[in-house]
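Biologist: I should like to learn how to read the features of a model. Let us begin once it is displayed.

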Amino acid sequence: MTDEELEAFFINHKSEIVASNNVSDIKELKDQLTTIREKGVAFDDEEQNPGIRGISSGIRDSEGHQIGAITVAAPSVRLTRAKMRNMAPIVKSTAQAISKELGFNG
C-alpha cells in the first residue's frame, strides 16, 4: 500500500482495534511495517487475540507479489518472546523456500 492507502485503511478500520496490545497510532504502524519489510518477518504479541502470539513471513509468487504468508501461532504461555525470536529465522526461511518453489528469485 502507498502511505495514503495505508492511512485511509487505518482510519476506516480503527474501530476494529480490540486488544490492548493493538497498534493504535498510524506512525507506530508505519514504523512496524518498515521493520517487517526490512526483516522479512512479523511478530504478533497478543495483538490479534489476547493470549496468542505468532510469527509470520510472506510468501511471494514468481512476479514478486505477496500472495500469502506462513504463520506459527500458539498460546503465549508456550510461545514466549524468546521462543518467537528463535523461531523467526525458521519461519522466514520456510516462507522463502515456498516462494522459491513458486518461482520467486528475489
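Biologist: What is the mean pLDDT of the chain?

Modeller: pLDDT is the predictor's confidence in each residue, from 0 to 100. The chain averages 89, and 92% of its residues reach 70 or more. This is a predicted model, in which local features need pLDDT of at least 70, side-chain atom pairs count only at pLDDT 80 or more, and totals for chains, interfaces and linings use all residues. Residues are numbered from 1 along each chain as its sequence is written, and side-chain values use heavy atoms, leaving out hydrogens and water.

Biologist: Which element has the highest mean pLDDT?

Modeller: Helices (H or I, at least four residues) and strands (E, at least two) are DSSP runs, numbered from the N terminus. Helix α3 (residues 81–101) has the highest mean, 98, and helix α1 (residues 3–13) the lowest, 82.

Biologist: Where does α3 bend?

Modeller: A bend is the angle between axes fitted to the seven residues ending at a position and the seven starting there. α3 bends by about 40 degrees at M87, with a proline, P89, following within four residues.

Biologist: Which residues of α3 are buried?

Modeller: An α-helix has 3.6 residues a turn, so residues three or four places apart point the same way. In α3, M84, A88, V91, A95 and S99 are buried (under 20% relative accessible area, 1.4 Å probe, protein chains only). Their cover includes β1, β2 and β3.

Biologist: How many bridges join β2 to β3?

Modeller: Strands pair if DSSP finds at least two bridges between them. Nine bridges join the antiparallel strands β2 (residues 52–60) and β3 (residues 66–75), and S56 stands opposite T71 in β3.

Terms used: Buried means under 20% relative accessible area, exposed over 50%, partly exposed in between (1.4 Å probe, protein chains only). Contact means heavy atoms within 4.5 Å.
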